[in-house]
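Subject: Structure for your review

Dear colleague,

Please find below the structure that I am handing over to you. I would be grateful if you could read the notes after it with the model open.

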Amino acid sequence: MIAGITDKKLKEQRPLRDYIRMVLAFFICLSFISFWQQGHLYQQGLLDTIINKSLFLLLVHHTGFASLAGIILAFVFNLLEGVKRSFGLYCCGILFITLIFTEILTTLYFTEQHELLGSDFLEIYSGRYTTFRLILRLIIGLLSASLGFLLMYRLMARVYHHISRMYPFTLILLTIFLSTLMSHKNPVNENKTQHLLDNALAELLDRNPYEGEAEYPLLRPRATSTLLTPYFQLGEERPNIVILVVDGLGADFIGQGARYAAFSPFLNSLAESSLVWDNFLSNQGTSYAAIPSVTGSLPFGTRGFNKIEQQLNRHTLFSLLGYNGYRTSFNYGGNTALHNLDRFLVDEKTDEIIGRKNFGKNYSQQPQDDAGVSKGYPDKALFTRWHRQEKDWSKPRLDVFQTLSSSKPFLIPQQAVYEKKVEFILETGNFSKETENRISRNTRLFSSVRYMDDAISHFIRQYKSYPQFDNTIFIITGSHNLTELPQENNLDRYRVPLLVYSPLINAPRRFQNMASHADIVPSVLDLIDQHYGLDLPSEVAWLGEGLLDHPDRKTIPLFRYQNSIEDFIMGSHFTSNGQMYKIGPSLELAENYNKEAGADVETAFQYFKAVNRYVTMENKLIPPAQPGLYTSTRHSFSKEEMIWLQSVFNGVDFDNAYKQARQIAFDGDWDRADLLCRFILDKVPGHADTEILRGRLAAWQGKYEPAEKILSEAVRKYPVYSDAYAALLDTYFWNAKHREALELQPDIIKYHPENIILQEKLQRASSGLKKQLVQERKKAREDKPNKPIAAKT
């Protein structure tokens, strides 16, 4: 009896055991495909070895895909087994063979074309081959998948008793799948079937595609506006433009009735002499997305403009004013490589890009956070450094600053001093009990705002000492409103101040019309163009129309944060998370909106989201041939080069990629090292160590002219980097350019007065120059013709 029950139990458990064997067989087949891919790429000379890091990562991603497939098909298996015994087993077996078959075809395509297949799989694959070759591939692929799977299925019977002792199998699969989600994927180490399915699913779920007829839907004729001109008395010279984007500065800190105005006394006093917009909005809810909006009036894509992978034609203040003779700079105390900001600025041909790498030993970074990391150099250091640097005033200037001290984690120099100032404001201010409690609980936040206000005060007061101050326009705004403080509604996240301060203003004025960051670019260019004339494009694709233009029918798209465009304004209506509101005179929200108008807003919002996705994915913002259009500085890499690059580097840790490039260079493979350097600089143009290494690579190969060009530029951009000087001094020495080497001495004394290595290299150059002069004199004497001796008579 007991034996009969046991036999029955074993018979009931057998299908589950067989399903587990199928999952294991599926993974083993994927592993064999991995080795086949690596071997094929190695034979083509695209990989240095078959067994390498990319193979390991490919196996990891195959493990994740096999786990995901195992989890999903387990439900199918159980459902069909309930219908008929072994029915689920056979159906799941066919599905696993289909997935292996697909992986074989997509991997074969990748090894031949060196690119992944997307949702247009059938069209592209069938179009690459003749009918005969296509049928042959399908037959061979299907046979390989079927035979390979069945063979592995039989072999897995021997290892099942080990698996049965583990925790429930589905839990194991789920854990493996979740762990692989954190791993970075590249085509060479990605499961090709998963990529195909992800691509197809994303296209299937996109229920709002752009279906308009216009190839460039945002492109329109540039309509010159004169609405801002009457408020300025411009002189003979084109004005300098200074833009301050203050991180986290919300409307609650500036303006009439602002609840926290006491913490920014200088900015509020400056507002009394400025043009001020009381109902102003940022177009984004994050600091990293602010610069493209403020300087370019650009769309967002899905993750923010700077994070768009494709190269996009566009117009910005950097490119257009630079094209018209302005000298441009961007200044930031933090890491400009974060969120691809430096990639954006380099593409815009910005003359000077200042980040944390440019400060040096004379400046101190902000205190470290709990993780032991400093965000960068505080606002006072940022402005002090700019004032101390020599500036080219022969041209009008565009100087853009982004601050960081008034943002999380709110760590500033002299923290105790500014916290006492917060305490004094609390004691002397007239706050409600609720506001007082809020300030008390956020002392560090409010002290950082008070510090930021002092920093801007010092900056502008020192700027007044320049003769150029009288011909400068200051534009001050916040990146977004601080989310660390409670907000009354979803629109508050975007409420920021806008101050336009200048000696050129006729009289201060406050404006009540609604405007946004996207309106700054059209207004600045129109103001300068009206008085001086600029070479500007006849058509533009800006999101904004001007700070004073169309106040009753203005459209303002809002990018909340990455992958979240949920807010949109059209006229006096605001939609947020599917809820419609009527906007009041002071940007208060009410739910008694006009139903018909609300429907129009929702239609316009869906259209914008479709257009935003289309123009950023397809490079359809503006046509390529337009004046002031940036010229891409990006390197181009062949598909074959990308395979090798992805085999040696995976992820976003470009410091680690630099270390790999350096090791490859030390191993003597200079061409491969240079390729990896170019790839790093394409992603992170401001990676100083990589620029220096690339210069050294050229010098080691005797390519002195390109080496000198690369390293001279590195010295110009990163004067606080002693390695750049050392590499350039070595290059000059090997090329016997001792005079040029000694010309670096003043800057070396200025930036590295105690660097012994650089002093030794300068002494070497001095000795080399002396020997060179002796040899030149000797050669000159040898080449000098002897004086003829008179013949005796």
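The notes below move from the chain as a whole to its cavities, two buried residues and one sheet.

**The chain as a whole**

Please bear in mind that this is a predicted model. The protein chain contains 27 helices and 17 strands. Of its 793 residues, 52% count as buried. Among the contacts in the chain with a separation of 6 or more, 75% are between residues 24 or more positions apart.

**Cavities**

The search found eight cavities of 30 Å³ or more. The two described here are the largest and the second largest.

The largest cavity has a volume of about 100 Å³. Its lining includes a run of residues from Phe-305, Asn-306 and Ile-308 to Gln-310, Gln-311, Leu-312 and Arg-314. Asn-340, Arg-343, Phe-344 and Asp-347 also line this cavity, as does Arg-634. By class, the lining of the largest cavity is made up of four nonpolar, four polar and four charged residues.

The second largest cavity has a volume of about 80 Å³. Its lining consists of Leu-228, Phe-232, Ile-241, Ile-473, Ile-475, Val-500, Ile-520, Ser-523, Val-524, Leu-527 and Leu-547. Strand E8 (472-478) and helix H17 (520-532) are the elements that give two or more residues to this lining. Helix H17 gives the most, with four residues. Ten residues of the lining of the second largest cavity are nonpolar and one is polar, while none is charged.

**Two buried residues**

Arg-21 is located in helix H1, which covers residues 2-43. Is this arginine buried or exposed? Arg-21 counts as buried, because its relative accessibility is 8%, and the cut-off for buried is under 20%. Leaving aside residues up to four places away in sequence, Arg-21 touches Tyr-153, Arg-154, Met-156 and Ala-157.

Ser-407 lies in the loop between strand E7 (397-402) and helix H14 (415-428). With a relative accessibility of 7%, Ser-407 also counts as buried. Which side chain makes a polar contact with the side chain of Ser-407? The partner is the side chain of Lys-375, at 2.5 Å. In addition, a polar atom of the Ser-407 side chain lies 2.7 Å from the backbone oxygen of Leu-404. When residues up to four places away in sequence are not counted, Ser-407 touches Asp-247 and Lys-375.

**A five-stranded sheet**

Five strands form an open sheet in the order E13-E14-E15-E16-E17, and their pairing is antiparallel. Which strands stand at the edges? They are strand E13 (555-558) and strand E17 (589-590); each has a single partner strand, so one side of each is left without a neighbour in the sheet. Strand E17 pairs with strand E16 (residues 579-583) in the antiparallel sense, over two bridges. Within this region, Ile-583 stands opposite Leu-589 in E17.

When you open the model, Ser-407 may be a convenient place to begin, as its side chain has the polar contact with Lys-375 described above. The linings of the two cavities can then be compared by class: four nonpolar, four polar and four charged residues in the largest, and ten nonpolar, one polar and no charged in the second largest.

With kind regards

Key
Residues numbered from 1 in each chain as written. Predicted model: local features only at pLDDT ≥ 70, side-chain atom pairs only at ≥ 80, totals over all residues. Heavy atoms only, no water. Buried < 20%, exposed > 50% of the residue type's maximum accessible area, 1.4 Å probe, protein only. Contact = heavy atoms within 4.5 Å. 1 Å grid on protein atoms, 1.4 Å probe; cavity = no way out; pocket = protein on both sides within 12 Å on 5 of 7 lines; lining within 4 Å. Points joined across faces, edges and corners; volume = space filled by probe spheres on them. Nonpolar A, V, L, I, M, F, W, Y, C, P; charged D, E, K, R; others polar. Polar contact = N/O pair within 3.5 Å; in protein donor to acceptor, adjacent residues only side chain to side chain. Pairing = 2+ DSSP bridges.
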